[in-house]
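Here is a briefing on one protein chain. Please keep the structure open while reading.

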Amino acid sequence: MSSPTVRWRWLGRVDYATARRLQEGYRDRVLAGDPEAEVVLLLEHDPVITLGRSADPAHVVAGEAELARRGIPVVRTRRGGDVTYHGPGQLMVYPVVRLRRGVVAFLESVARALAEVAAHYGVHGAAWRRDPAGLWIGDAKLAACGIHLRRGVTSHGWAFNVATPPDAWSLIVPCGLRGARQVSLADRAPPGRAPASVAEVAEVAGPIVARAVVS
């Protein structure tokens, strides 16, 4: 019997509201019993700050005027976690699948897949950490996670820093972790190994993550 698989799709640049509607549409199809609806959506967002269910609004440190000047909205979401930033240079990984194991095991499996992607670019040592949750290289965070679960079907997911502008993190306290460093794949890749684009990383990550979410 062949191993189960799900599709993956690279969507390019997608605003946050559109991506949320897409996830909800796929999720509703999965809940309705459509076996073809499970998918891993890969994309970049326009700049946006999102607040998870446990977010402290004080962790958005930029003022309204500064955010308005930079055209960055602040959006409340149903995912877990605190405050984070999404934007160009960051690969969003949104699995919309039936949960086949516990939530922590699911998150760990995606983290391992993203660590494999990092290793593809010569960045070794990335590892899952449950508390605080994410993919870390030592004391620096390479990818943040936060999912929503409805009747056993996942949405939201992972933000993988490919070449996230460092000044983006000055707008917030990332994930509510004061003093925690954020790092991008491009920062740690050896000379000549850094990815040319988020789209390139998506092509590597797509099949790896798609296998991980059903393994």
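The notes below run from the overall fold to the cores and then to single residues.

This is a predicted model. The protein chain holds five helices and eleven strands. Its radius of gyration is 16 Å, which agrees with the value near 17 Å for a compact globule of 215 residues. Buried residues make up 52% of the chain.

**Overall shape and surface**

- The C-alpha trace spans about 55 × 40 × 30 Å along its principal axes.
- Among contacts with a separation of 6 or more, 78% join residues 24 or more positions apart.
- About 9,500 Å² of the protein chain is exposed, and carbon and sulfur atoms supply 52% of that area.
- The chain carries 27 positive and 20 negative charges, and the mean positions of the two sets are 5 Å apart.

**Nonpolar cores**

- In soluble globular proteins, nonpolar side chains tend to be buried together.
- The largest nonpolar core here has 43 residues. The members that touch the most other members are Leu91, Leu114, Leu135, Trp158, Phe160, Val209 and Val213.
- Both helices and strands feed this core. Helix 3 (103-120) and helix 5 (198-212) each give two or more residues. So do strand 2 (39-45), strand 6 (90-96), strand 8 (133-137), strand 9 (140-150) and strand 10 (153-161).
- A second, separate core has 17 residues, including Val14, Val39, Leu41 and Leu43.
- Which residues does leucine 114 touch, beyond those up to four places away in sequence? They are Val93, Leu135, Ala143, Trp158, Phe160 and Val209.

**Strand 10 and the loop after it**

- Histidine 156 sits in strand 10. Its phi is positive, about 60 degrees, although it is not a glycine.
- Is histidine 156 buried or exposed? Histidine 156 counts as buried, because its relative accessibility is 7%, under the 20% limit.
- Glycine 157 is also found in strand 10. With a relative accessible area of 7%, glycine 157 is buried.
- Glycine 157 and glycine 146 are eleven residues apart along the chain, and their C-alpha atoms are separated by 5.3 Å.
- Beyond residues up to four places away in sequence, glycine 157 touches Val93, Tyr94 and Pro95. Its other such contacts are Ala144, Cys145, Gly146 and Ile147.
- Cysteine 175 lies in the loop between strand 10 and strand 11. Cysteine 175 has a positive phi of about 55 degrees, although it is not a glycine.
- Cysteine 175 is partly exposed, because its relative accessible area of 22% falls between the 20% and 50% limits.

**Buried loop residues**

- Serine 184 is in the loop between strand 11 (181-182) and helix 4 (185-188). At 3% relative accessibility, serine 184 counts as buried.
- Setting aside residues up to four places away in sequence, serine 184 touches Leu142, Asn161, Val162, Ala163 and Thr164.
- Alanine 37 has its place in the loop between helix 1 (16-31) and strand 2. Its relative accessible area is 0%, so alanine 37 is buried.
- Tyr26, Arg29, Val30 and Val96 touch alanine 37, not counting residues up to four places away in sequence.
- How far apart in space are alanine 37 and valine 83? The distance is 29 Å, C-alpha to C-alpha, with their positions 46 residues apart in sequence.

**Threonine 84 in strand 5**

- Threonine 84 is found in strand 5 (residues 83-86). At 7% relative accessibility, threonine 84 counts as buried.
- Neighbours within four places in sequence aside, threonine 84 is in contact with Val48, Ile49, Thr50, Arg79, Trp169 and Ile172.
- Threonine 84 and tryptophan 10 are 74 residues apart along the chain, and their C-alpha atoms are separated by 22 Å.

**A cis peptide bond**

- The peptide bond from aspartate 131 to proline 132 is cis, with omega near 0 degrees.
- Proline 132 lies in the loop between strand 7 (127-130) and strand 8.

Key: Residues are numbered from 1 along each chain as its sequence is written. This is a predicted model: local features need pLDDT of at least 70, side-chain atom pairs count only at pLDDT 80 or more; totals for chains, interfaces and linings use all residues. Side-chain values use heavy atoms; hydrogens and water are left out. Helices (H or I, at least four residues) and strands (E, at least two) are DSSP runs, numbered from the N terminus. The radius of gyration is taken over C-alpha atoms; the globule rule is 2.2 Å times the number of residues to the power 0.38. Buried means under 20% relative accessible area, exposed over 50%, partly exposed in between (1.4 Å probe, protein chains only). Contact means heavy atoms within 4.5 Å. Accessible areas come from the Shrake-Rupley method with a 1.4 Å probe; for residues, only the protein chains shown count as cover. Lys and Arg count as positive and Asp and Glu as negative; His and the chain ends are not counted. The place of a charge is taken as NZ of Lys, CZ of Arg, CG of Asp or CD of Glu. A nonpolar core is a set of buried Ala, Val, Leu, Ile, Met, Phe, Trp, Tyr and Cys residues joined through side-chain atoms within 4.5 Å.
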